[in-house]
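Student: Could you walk me through a protein model and show me how to read it?
Tutor: Sure, let's take it one feature at a time.

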Amino acid sequence: MARAWNFCAGPAALPEAVLTRAAEEMLDWHGRGLSFMEMSHRSPEVVGVVEEAEACLRRLLAIGDDYAVLFLQGGASTQFAAVPLNLAAPGGPADYLDTGQWSKKAIAEGRRYADVGVVASDAAGNYRTVPPRDSWQLREDAAYLHLTPNETIGGVEFTEAPVAPAPLVADLSSTLLSRPLDVSHYGVIYAGAQKNIGPAGLTLVIVRRDLLGRARPECPAMLNWETAAAADSMYNTPPTFALYLAALVFEWLEGLGGLPAMAERNRRKAETLYGFIDNSAFYANPVDPPWRSWMNVPFVLADDGLDKRFLEEAEAAGLLNLKGHRSVGGMRASLYNAVPQAAVDDLVVFMADFERRCG
Ligand SMILES: *Cc1c(COP(=O)(O)O)cnc(C)c1O
């Protein structure tokens, strides 16, 4: 069996070691005579795995006891509504930084529940940079400041948590666990799992406990973080199989040396690809260099008439899912934790060869 290199933006590559282990355990989990996904979520086995997943995640990110870790469903998109419903008064002020397509979606959903203020936007510049901090129009009375530190579609990333009067709420769907992060700078962190954590179906929310208990009365129980925290993420049936796979991913990360080790690997992968693109007259990445994402690398060919051929030949070479997001076109290579250096090396060899033949 040959596994191809998968550069998909999400659902994305999972570590081969994790998939192998899951396959081994599929029919008979730890001698129980059934698969993990056939067990009650109230069973000691499932509760134990969820507790271990949480403990491992807390070690990886050094999450303090003053934060609750919630395993939810509905994807990051559901949190676009859950954030204002849990934190903002009806029609009350909430601030958002607009750095790209995912910011825009969070803003549009936020407007249904709060008086959204866009503190700064690079929409006019086509989202190639992060507006400088001193240009942001922050409101003192905002319930929170919402950030998208890694724009998965545009490939714009910032890693420093800004200082602001309101608690920071960060959609870290495509960058959480890619490098160390100081959780204590944030009020709330959320992420859909299918980029860098595990399979689709699981949503991670990390919330500072003093921000629990502010949900407005009409907040649905399923979106209420306090309800989830009080029920240890088992208010209803959680996505047990996705949780089990995420637990294996966390264990895998820890075994490799945790987030400092991942950062080294991810830095090298990103440098390999950006370095190649910048040295080529045929390929280009539009993002302002200080804000280039380590996880998602969009690029265009000098002649977009060659896009189709590039993708067909890449696929034939075992390099999958390089098509850019439908809203921006071109190409995009996502270099999440589970994508090894060898995949990026092979991609660069292919790109150089394609340029020689077609450029
Ligand atoms: C993928 C993604 C989303 C949407 O995630 P879903 O789980 O599909 O709702 C939101 N924000 C960012 C930054 C993403 O990368």
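Tutor: We'll go through domains, cores, listed sites and a few single residues. Keep in mind that this is a predicted model.

Student: Which domains does the chain have, and where do they start and end?

Tutor: The domain assignment gives two pieces: domain 1 covers 17-255 and domain 2 covers 258-358. Their C-alpha centres are 27 Å apart.

Student: How many residues of each domain are in contact with the other?

Tutor: 25 residues of domain 1 are in contact with 25 residues of domain 2. You can also look at the area hidden where the two meet: about 2,100 Å², with 58% of it on carbon and sulfur atoms.

Student: Does a database record say anything about domains too? What does UniProt place at residues 5-347?

Tutor: An unreviewed UniProt entry places the feature "domain: Aminotransferase class V" there. Over residues 5-347, the chain is 32% helix and 17% strand, and the C-alpha atoms at the two ends of that stretch are 9 Å apart.

Student: Next, cores. Which residues have the most contacts inside the largest nonpolar core?

Tutor: For a core, look at buried nonpolar residues joined through their side chains. The largest one here has 57 residues, and those with the most contacts inside it are Leu61, Leu176, Leu177, Ile197 and Phe250. Helix α6, residues 240-255, gives the most to this core, with eleven residues.

Student: Where does that core lie relative to the two domains?

Tutor: Between them, because domain 1 and domain 2 both give residues to it. There's also a second, separate core of 37 residues, which includes Leu273, Trp294, Leu301 and Leu306.

Student: Can we zoom in on one core residue? What is leucine 61 in contact with?

Tutor: Skip its neighbours within four places in sequence, and you find Leu176, Leu177, Leu181, Val183, Ile206 and Leu259.

Student: Now the listed sites. Which residues does UniProt list for "binding site"?

Tutor: The unreviewed entry lists Ala76, Ser77, Trp102, Thr152, Asp171, Gln194, Asn236 and Thr237. They're spread over 162 residues of sequence, and in space too, with up to 30.0 Å between C-alpha atoms. One of the set, Gln194, is in the lining of the largest cavity.

Student: Let's take alanine 76. Is it buried or exposed?

Tutor: The cut-off for buried is under 20% relative accessible area. Alanine 76 has 12%, so it counts as buried. It lies in helix α3, residues 75-87. Apart from its neighbours within four places in sequence, alanine 76 is in contact with Asp171, Ser173, Tyr190, Gly192 and Thr203. Asp171 is also on the UniProt list.

Student: And where is threonine 152?

Tutor: Threonine 152 sits in the loop between β6 (150-151) and β7 (156-157). With a relative accessible area of 3%, threonine 152 is buried. Not counting residues up to four places away in sequence, threonine 152 touches Ala9, Trp102, Ser174, Lys195, Asn296, Arg332 and Tyr336.

Student: One last try, in domain 2. Where should I look for asparagine 266?

Tutor: Look in helix α7, residues 258-278. Asparagine 266 has a relative accessible area of 0%, so it is buried. Beyond its neighbours within four places in sequence, asparagine 266 is in contact with Ser178, Trp294, Met295, Leu335, Tyr336 and Asn337.

Student: How far is asparagine 266 from glycine 33?

Tutor: Their C-alpha atoms are separated by 39 Å, and the two are 233 residues apart along the chain.

Note on methods: Residues are numbered from 1 along each chain as its sequence is written. This is a predicted model: local features need pLDDT of at least 70, side-chain atom pairs count only at pLDDT 80 or more; totals for chains, interfaces and linings use all residues. Side-chain values use heavy atoms; hydrogens and water are left out. A nonpolar core is a set of buried Ala, Val, Leu, Ile, Met, Phe, Trp, Tyr and Cys residues joined through side-chain atoms within 4.5 Å. Buried means under 20% relative accessible area, exposed over 50%, partly exposed in between (1.4 Å probe, protein chains only). Helices (H or I, at least four residues) and strands (E, at least two) are DSSP runs, numbered from the N terminus. Domain bounds come from an automatic or database domain assignment. Contact means heavy atoms within 4.5 Å. UniProt positions are given in the numbering used here, feature names are shortened, and annotations may be inferred rather than shown by experiment. On a 1 Å grid over the protein atoms alone, a cavity is a set of points where a 1.4 Å probe fits but cannot get out, and a pocket is an open set with protein on both sides within 12 Å along at least five of seven lines; lining residues have an atom within 4 Å of a point. Buried area is the accessible area (1.4 Å probe) that two parts lose on being put together, summed over both.
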